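Thanks, everyone. I will go through one structure today, beginning with a single residue and working outward from there. Please have the view open.

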Amino acid sequence: MRGLLAVARKLRERGVMGINERNADFNLVFNERSRYPLVDDKLLTKELATKAGAAVPRLYGVIEIQHQVQSLAAMLADYPDFVIKPARGSQGDGIAVVVGRSRNSYRLADGALMDQAELEFHVSNILSGIFSLGGQTDRAMIEYRVIFDPVFERITYRGVPDIRIIVFLGVPVMAMVRLPTRAAKGKANLHQGAIGSGVDIATGRTLTAVWRDQIVSEHPDTGNPVQGVQIPQWDRLLELAAQSFELTGLGYLGIDIVLDRDLGPLILELNARPGLNIQIANRAGLRARLDAVLAHRARLNSIPERVAFARERFALAS
Amino acid sequence: MRRRHLYVLSALLAGLGLAVFLYKVLVLGFPLQPEKKTQTWRVEVRMQFEAKGGPAKLRLNLPRSGNNLAIIDQNFISPGYGLTMGAGRTNQTAVFAIREAHGPQTVYYRALVHALRFPDESAREPAPDLPPPAMEGAEKVAAEALVRAARELSADPETLAALLLKRLKNSAADDEAALLLGPQPSIVKMINVAADLLRIAGITARPVHGLTLEPERRGAHFITWLELHNGTEWVSIFPSEKRPVLPPNTLRWWNGRLPLAQVSGGTGLSHSVAVSRSYEYALDAALKQGRKLEQKLVEYSLFGLPLQTQSVYRSLVVIPVGILLLVILRNVVGVKTFGTFMPVLIALAFRQTELLWGIVFFVMVVAVGLSVRFYMEQLKLLLVPRLAAVVIVVVLTLAALSILSHKLGFERGLSIGLFPIIILAMTIERMSIVWEERGPVESLQQALGSLVVGAMCFLLMSLAVVEHLAFVFPELLLVLLAMILLLGRYSGYRLTELRRFRELAR
């Protein structure tokens, strides 16, 4: 019991934030309920981002009702590779990444094959809402498959690595790179076993990494060190992150960005309840950084101001 | 500001709840503990029938004191009906009559039964003259043969009766006993035949119906046994080979072959019986002080409700206690469960099955359902039909388990009828999705979490003290509400997070 109290005190000292604290002091305070649909529905997010001029993966098509599933084959005919995802999915559930075709089958990112019927069944499942929050009926979106930037090639097992940035009142406060592993079946989701590597906000270089709540320094599948990788176009990423506040009106959110080889940074999705493992990846508590933003809230108005503030305050040295 | 608002609201709620609670305990003298040994029961019979539209008359047999139980009070709730009490040849009866009745009718009878310290003298009542049964032809021959055979092996009326009962119970397909019993005999039929046989042997005997009083019983059933006069007093013979004596606290209700109640001018008569431990004395003490306010307080408490409804509330008022535990386990400890309130529903289901059986059934049904669900994955069904299919499989599995456990002699297996079937089906569906998306470990973890939390909620909710306090002092729920409101702003770490973030505490 005393040991637990000591741990709790230590965590409090370092400003580590728990899930109750996130919900009570940030989600409930800074995120208006009415704005959640903007980020819970990826189609809406895409629309918003496109309107604001931010780059997103191109939308190939949307399937809204069961009847349209029949036209799936026709819709996909022009595209050798694509991604099918539920518009309201959570935690990366229900995403199928098709990397190519062999004969009549679709080849998935994890190497498995799916025939037309199986793919249609997957879309039906998406429509019936088994992957969506609360199980409401859903829409399936088909979009451009990101060809990721080679910068992470050596520390990724299949799948697409992405960069998660926590943004508070428009200030990027903490970031990490999520690297798919074999255990995660090529998905960039920490809950499913992907690696998260902290990122120095000032420079965009990767720090230590967390895998299943533990700190690691190498990718478990490739064996290459994950530390010290420079993320290209870091300035642009920080700007995209800062911009997401005006985009959604959500005070506390997580933005997921992928780096496409040809198209550069693309916004993949936004998250109004971003996970807290990012703290382990960065070996730093969120609370201290969030409080710093709150303290200087008045002078953090324009995007450049906010980015500059983040780079200055949340540099590795601090 | 928000915080102060919350604290003030919680303090008001808790204060109000505690004030009423303390007033009831200190001033009115309500008992804090459930009575260890139940001395008083309330029995309620609810009769319903469909009136034909003219005059209607309902004749109800009434219980009588005896077998160490005394009826100390009884009342009838029958709006619009005239009531006459009468004594039949051997039974006390009440007749409810009305000139004009339409549609569904409900009549209540309530009795307050108290355990006596000394046996009463009702067993010494004289035996009435009962005519021997009118039997003819083959029946008469069979009956006389049975009596003759049994008489040779017995010494006195009691052993003769026991022997006859045993003979009837073990009747083969086409012997004399089977002829008298007819196809598929019930226990009541068997006792009727035994009484006939005893009368042929010249012994005064009759079937008797009664109710075993238990602390808490909704949907209680009448039991039937045999009573015979051995020359000096009445002796009861209970049709059970293991224990041929009456269960303790059995209230003798009526005798003879007629049903509990008969109606004329109406159809579809049905009755249901509820028994509950009574707090009448404590309430009496409160009432005796005779002040208006206090009387109202008792009248407008849960005790003012009909007994059947009271029983429902007994289950309902403990749910908040389970919910509080659930909130603590989820938000302070950080246990992962399926669905928000599913563990409490599981706990409610356990109330019907008891813990061990509940867990066994839960695990077996989920295991079977899950394997069927995985098999159906190949069929590529859409969600709603797939869920429906799982529901059917769950119902079939439950039925199979019930039959199996009944055949093996575990009566507990019969009580799972109300196990929340839909909840189980949803659990199976959620579990299979989590299984596929996050792997079996996560899935089993959540299932185990739900089960453990459910079991803990059940253990808490079934504590006699918890049920007593929640039912007698429902105002304590306001205190629970205040606690839950405060927990709603708990922003500290969850216990599991201390483990999750332990690397950061180095």
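Let me begin with A:Gln233, which counts as partly exposed because 15 C-beta neighbours fall inside 10 Å. On the scale used here, a residue is buried with 20 or more such neighbours and exposed with 12 or fewer, so A:Gln233 belongs in between. Before I go further, note that this is a predicted model.

Where does A:Gln233 lie? The residue is in the loop between β11 and α7 (234-248) of chain A. Its phi is positive, about 55°, although A:Gln233 is not a glycine.

A:Arg283 is another residue to look at for its backbone. Here phi is about 50°, again positive in a residue that is not a glycine. A:Arg283 sits in the loop that runs between α8 and α9 (286-295) of chain A. With 15 C-beta neighbours inside 10 Å, A:Arg283 is classed as partly exposed.

Now to chain A as a whole. The chain has ten helices and 13 strands. Of its 318 residues, 49% are buried. Taking the contacts in chain A with a separation of 6 or more, 62% are between residues 24 or more positions apart.

Next, the sheet that β11 belongs to. This is an open sheet of seven strands in chain A, and reading across, the order is β11-β10-β9-β8-β7-β12-β13. The pairing is antiparallel. Which strands stand at the edges? They are β11 (214-216) and β13 (264-271) of chain A; each has a single partner strand, so one side of each has no neighbour in the sheet. From one strand to the next, the twist averages 30°.

Within that sheet, take the pair β7 and β12. In chain A, strand β7 (residues 162-168) and strand β12 (residues 252-260) run antiparallel and are joined by six bridges. To find the register on screen, go to A:Ile163, which is opposite A:Ile257 in β12(A).

On to the contact between the chains. How many residues of chain A are in contact with chain B? There are 29, and they meet 22 residues of chain B. On the chain A side, the elements giving two or more residues are α1 (2-13), α2 (19-30), α6 (116-128), β11 and α8 (278-282). The residues on that side of chain A divide into twelve nonpolar, ten polar and seven charged. Two of these elements have come up already: β11 is an edge strand of the seven-stranded sheet in chain A, and α8 comes before the loop that holds A:Arg283.

That brings us to chain B. It has 17 helices and 13 strands. Buried residues account for 32% of its 506 residues. Among the contacts in chain B between residues at least 6 apart in sequence, 77% join residues at least 24 apart.

Chain B also has an open sheet, this one of four strands in the order β4-β5-β2-β12, with antiparallel pairing. The edges are β4 (82-87) and β12 (261-264) of chain B; since each has a single partner strand, one side of each is left without a neighbour in the sheet. Ignoring direction, neighbouring strands of this sheet are turned by 15° against each other on average.

I will take the two edges in turn. At one edge, β4(B) pairs with strand β5 (residues 92-98) of chain B over six bridges, in the antiparallel sense. There, B:Leu83 has B:Phe96 in β5(B) as its bridge partner. At the other edge, four bridges pair β12(B) with strand β2 (residues 56-61) of chain B, also antiparallel. B:Lys57 is opposite B:Ser264 in β12(B).

Side chains in a regular strand alternate between the two faces of the sheet. In β12(B), B:Ala261 and B:Val263 point to one face and are buried, whereas B:Gln262 and B:Ser264 point to the other face and are not buried.

Last, a helix pair in chain B. Helix α2 (residues 137-152) and helix α3 (residues 157-169) of chain B pack at about 125°, with their axes 9 Å apart. At that angle α2(B) is oblique to α3(B). The crossing is right-handed. Which residues meet there? From α2(B) they are B:Leu146, B:Ala150 and B:Arg151, and from α3(B) they are B:Leu160, B:Leu163, B:Leu164 and B:Arg167. By class, the residues of this contact are five nonpolar, no polar and two charged.

Note on methods
Residues numbered from 1 in each chain as written. Chains lettered and ligands numbered in written order. Predicted model: local features only at pLDDT ≥ 70, side-chain atom pairs only at ≥ 80, totals over all residues. Pairing = 2+ DSSP bridges. Axes fitted to C-alpha atoms, helices over the stretch in contact; angles between N-to-C directions. Parallel < 35°, antiparallel > 145°, perpendicular 65-115°, else oblique. Left-handed = near helix turned anticlockwise from the far one by under 90°. Contact = placed C-beta atoms within 7 Å. Nonpolar A, V, L, I, M, F, W, Y, C, P; charged D, E, K, R; others polar.
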